[in-house]
Amino acid sequence: MKHRFYLVLCFCMALGISAHAQKVTMNFQQVKKAPVDYVDPFICTYGDCGQWHPAALCPFGTVKLGPDTYSGSLVGSSGVAHGGYNYRDTQVRGFSHFKQGSSGSVGITDRAGIFSILPYAQERDPEWYRTPVVSMDKNQEKATPGYYTTYLVDDKIKVELTSNVHSGFHRYTYTQGTDAKILINQGNLVRTDKITCRVLDNYTLEGYVGQFYYYMKFSHPIQNTWIKDENGFLKKGKVLSQNHKHGFVCSFGDLKGESLVVKVGVSLTDQLSARNNFEAECPRVDFDTNREIARDSWSKILNRIMVEGQDEELKTIFYTALYHSCFFPVSVTNVDGTYLGLDWEKHKADGYVHYDGYAFWDSFRSKYTLFGFLVPEVYKDIVYSLRDLYEQTDFELCAPPNIEKLGPHNYSYCIRSKKGVTWPNCRHEHMLMVMTDAYRKGFFGSRIELKDVYPYMRKELMTQMPEYYDQFKYVPKSPDKSCEYSWDSWCMAYLAKELGYKDDYAYFMKRSEYWKNSWDCSIKFFRARGIDGKWLDFPEDPTVNREKYTYEGTKWQYRWHSLHDVPGLIELFGGKEFFLKELNYFFDNNLYNAGNQPDIHVPFLFNMAGAPWKTQEWVNKILTKPILQRYGTHGFLSKPVFDKVYKSTPDGYLEEMDDDYGCMSSWFAISALGLFQYCPGQPVYQLFSPIFDNITIQLGDNKFLRIEAKGLTSEKFYIKSATFNGVPYDKSYITHEELMNGGKLVFDMESEPNKNWGRN
């Protein structure tokens with residue numbers, strides 16, 4: 001682009017048309033990048049910094065087609081690549097179709113995606129076939145939304161990948177004169193137990209890997225096929241039966257410089273559905289057309305929030321955060337509306353898309369708030385999907401074992417049926433909170449009656465916090481769970497009141513205050529209690545994360561954990577003055593952990609306590625400036641880090657900071673707009689300084705919310721005054737209803753805080 005511009009400019013100058021040249025210069029400078037062009041899929045793909053991958057995918061797509069690198073996808077919990085990809089790796093195990101990523105775990109295990117294809121050309125020995133790995137040229141590796149490419153050095157193959165919701169497109173360009181081959185295998189050997197493959201004709205294969213069915217077509221005829229056994233030996237064959245650690249090799253001969261295009265349709269339900277999905281998305285579309293379809297699917301979402309400002313890096317971080325927020329959950333619905341339910345029966349989603357693949361703990365804190373105004377149509381379908389999951393769950397299988405001996409880390413709530421789960425999930429705590437928030441925002445629509453789903457939501461809570469705990473009025477050994485289950489109970493109390501269930505309302509309102517029984521007034525911290533009511537040991541230094549009694553957080557970080565009753569918490573502190581004193585101490589002494597979820601709501605508590613200028617200050621620091629961070633996920637970092645929390649580089653997050661299915665990405669994206677709903681279940685957003693000069697949010701029904709920060713700079717981030725639709729606005733919050741009605745919110749920014757604005 002630059003070269004073209006200078007050629008035009010020189011030509012114009014040679015003609016002496018200086019005025020025209022000036023006009024060309026002005027027009028050139030006015031060219032703006034589209035939101036999709038700001039996205040960098042390599043952000044958060046390095047080491048233990050976010051755990052994402054640069055796969056080609058569509059928003060919420062079933063297929064996430066991308067590389068599994070070596071050795072990152074096989075290492076342990078230090079520097080692990082949970083998404084199967086590590087930016088620093090220079091070797092590839094294959095290109096798999098089904099990926100997770102972004103969530104943490106420990107131990108040495110296979111973290112590759114499922115159902116892998118690896119192109120190659122040279123002859124290989126059995127040892128290579130046992131653990132196939134090829135080298136790639138990192139300088140030729142690139143990715144944009146819906147597209148990935150790299151170059152395999154040893155075999156001289158250009159790799160290009162794109163995808164649709166139910167399909168993957170591969171384009172492999174081999175060197176002329178070589179024998180083009182592909183190896184099809186399970187990919188992840190831990191999460192799959194078998195692979196099958198059979199040749200239907202010279203262009204077509206079908207089979208399944210684990211619970212994933214596929215239908216595959218090639219642009220060139222197959223010349224030969226071999227079956228790879230678990231020892232790496234090949235034998236001629238056209239049918240691979242159910243086998244673990246096996247593979248299937250196809251040879252296409254010398255393609256004389258033409259590319260091999262591989263199109264793959266997939267399904268969770270059956271072989272016919274995989275073929276139907278293929279027929280719906282693949283036959284009439286070539287590789288480049290599908291690449292544009294994938295790009296356009298991202299533009300459709302990203303264009304709904306337009307931001308303006310001078311800092312291009314912040315735009316890259318922002319739009320990549322929106323992008324990462326829309327990886328999960330995934331559409332598991334076939335093109336005919338059928339899907340495999342949690343009960344492993346085939347169901348029909350009539351008029352909506354059924355989604356699966358959740359990690360509500362902790363994405364419930366931020367992601368679904370974002371979905372409420374970014375992708376409301378998806379959010380509504382997620383609500384219908386959760387209704388489906390409730391109906392298909394065997395709740396007795398979800399109950400905690402050995403409840404009397406239960407410790408804070410011994411139980412994670414995951415819904416399942418007697419046959420297990422149909423799609424990889426993480427955790428399901430606080431599903432009911434997401435449902436409550438959706439109900440209060442009007443996302444139940446006409447397909448769900450509250451009275452029909454209420455019994456399931458009640459059962460969810462009573463499964464996690466059964467009546468057994470009522471004798472204590474807290475959760476023994478777990479003050480963090482005492483707080484969170486009280487929050488759930490508060491949600492259920494609201495719904496019970498809506499339905500006129502007076503007994504349930506009284507019961508759950510009483511339970512919603514159990515959190516207070518884990519508060520030790522003598523030290524003004526949450527503290528674990530035993531079943532005898534006695535206080536258990538408390539650390540001499542509450543800044544230390546012992547991982548005892550509270551999960552992934554210090555006693556300081558969990559000190560603010562009553563999100564549904566902040567006024568009650570302030571009262572237990574002894575009033576706003578002491579509450580603010582301790583809150584300031586928390587931040588001023590670097591006790592806040594920006595890299596994990598237990599305290600990500602805490603910067604917004606200044607708003608609730610009458611000091612909104614401190615929320616403006618700290619959120620701006622966390623979003624845009626280097627800050628000192630002392631904590632990883634499970635304790636102190638080996639040494640404190642002074643760095644930005646969010647960056648535009650492959651190490652996009654702090655070390656040990658997982659995105660957790662888009663939780664931290666959505667936290668950044670919402671906060672960048674100057675909005676944050678600190679308490680899901682209560683449809684109110686805290687207001688503070690945005691990080692962009694102008695923001696336009698499409699709300700649907702031809703409504704827009706426009707946010708303007710007049711005079712915003714890196715130093716002028718305090719709110720001096722505000723207007724909403726031309727009327728002076730002195731509240732540091734806005735309701736969901738007000739937000740969705742649209743309008744214009746204007747902030748006048750200053751370098752010094754106005755300590756009176758928004759105090760009420």
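The legends below describe close-up views of a predicted model.

**View 1. Helices α18 and α19 pack against each other.** Helix α18, which covers residues 612-624, meets helix α19, residues 663-672, at an angle of about 125°, and the two axes lie 11 Å apart. Angles from 115 to 145 degrees fall outside the ranges called roughly perpendicular and roughly antiparallel, and α18 and α19 are therefore described as oblique to each other. The crossing of these two helices is left-handed. On the α18 side the contact is made by Val 619, Ile 622 and Leu 623, while α19 contributes Trp 667, Phe 668, Ser 671 and Ala 672. When the residues of this contact are sorted by type, six are nonpolar, one is polar and none is charged.

**View 2. Helix α19 is mostly covered.** Of the 10 residues in α19, 10 are buried, and among them are Trp 667, Phe 668, Ser 671 and Ala 672, the residues through which α19 touches α18. The buried residues also include Cys 663 and Met 664. After the helix comes Gly 674, a residue whose phi is positive, near 85°.

**View 3. Six strands form an open sheet with mixed pairing.** Reading across the sheet, the strands follow the order β19-β31-β32-β36-β33-β34. At the edges stand β19 (305-308) and β34 (727-728), and each has a single partner strand, so one side of each is left without a neighbour in the sheet. As a general rule, the strands of a sheet pair through backbone hydrogen bonds, and they may do so either parallel or antiparallel.

**View 4. Strand β32 pairs with both β31 and β36.** Strand β31 (residues 694-700) is joined to β32 (residues 703-710) by six bridges, and these two strands run antiparallel. Gln 698 stands opposite Phe 704 in β32. The two strands form a hairpin with two residues between them, and Asp 701 in the turn has a positive phi of about 55°. Strand β36 (residues 743-750) is also joined to β32 by six bridges, but here the strands run parallel. Across this pairing, Ile 707 stands opposite Leu 745 in β36, and the bridge partner of Lys 710 is Asp 748.

**View 5. Nine strands form an open sheet with antiparallel pairing.** The order of the strands is β6-β7-β8-β9-β18-β13-β12-β11-β16. The edge strands are β6 (142-144) and β16 (239-243), each of which pairs on one side only. On average, and with direction ignored, neighbouring strands of this sheet are turned by 15° against each other. At one edge, β6 pairs with β7 (residues 147-152) in the antiparallel sense over three bridges, and in β7 the bridge partner of Thr 144 is Tyr 147.

**View 6. Helices α5 and α6 lie against the nine-stranded sheet.** Helix α5 (residues 271-281) packs on the sheet and touches β9 (167-173), β12 (204-209), β13 (212-218) and β18 (259-267), with a direction that makes about 45° with that of β13. Helix α6 (residues 287-302) lies across β6, β7, β8 (157-163) and β9, and runs at about 50° to β8. Strand β9 is thus listed for α5 and also for α6.

Terms used
Residues are numbered from 1 along each chain as its sequence is written. This is a predicted model: local features need pLDDT of at least 70, side-chain atom pairs count only at pLDDT 80 or more; totals for chains, interfaces and linings use all residues. Side-chain values use heavy atoms; hydrogens and water are left out. Axes are lines fitted to C-alpha atoms, for helices over the stretch in contact, and angles run from 0 to 180 degrees between N-to-C directions. Helices (H or I, at least four residues) and strands (E, at least two) are DSSP runs, numbered from the N terminus. Angles under 35 degrees count as roughly parallel, over 145 as roughly antiparallel, 65 to 115 as roughly perpendicular and the rest as oblique. A crossing is left-handed if the near helix is turned anticlockwise from the far one by less than a right angle, and right-handed if clockwise. Contact means heavy atoms within 4.5 Å. Ala, Val, Leu, Ile, Met, Phe, Trp, Tyr, Cys and Pro count as nonpolar, Asp, Glu, Lys and Arg as charged, and the others, Gly among them, as polar. Two strands pair if DSSP finds at least two bridges between them. Buried means under 20% relative accessible area, exposed over 50%, partly exposed in between (1.4 Å probe, protein chains only).
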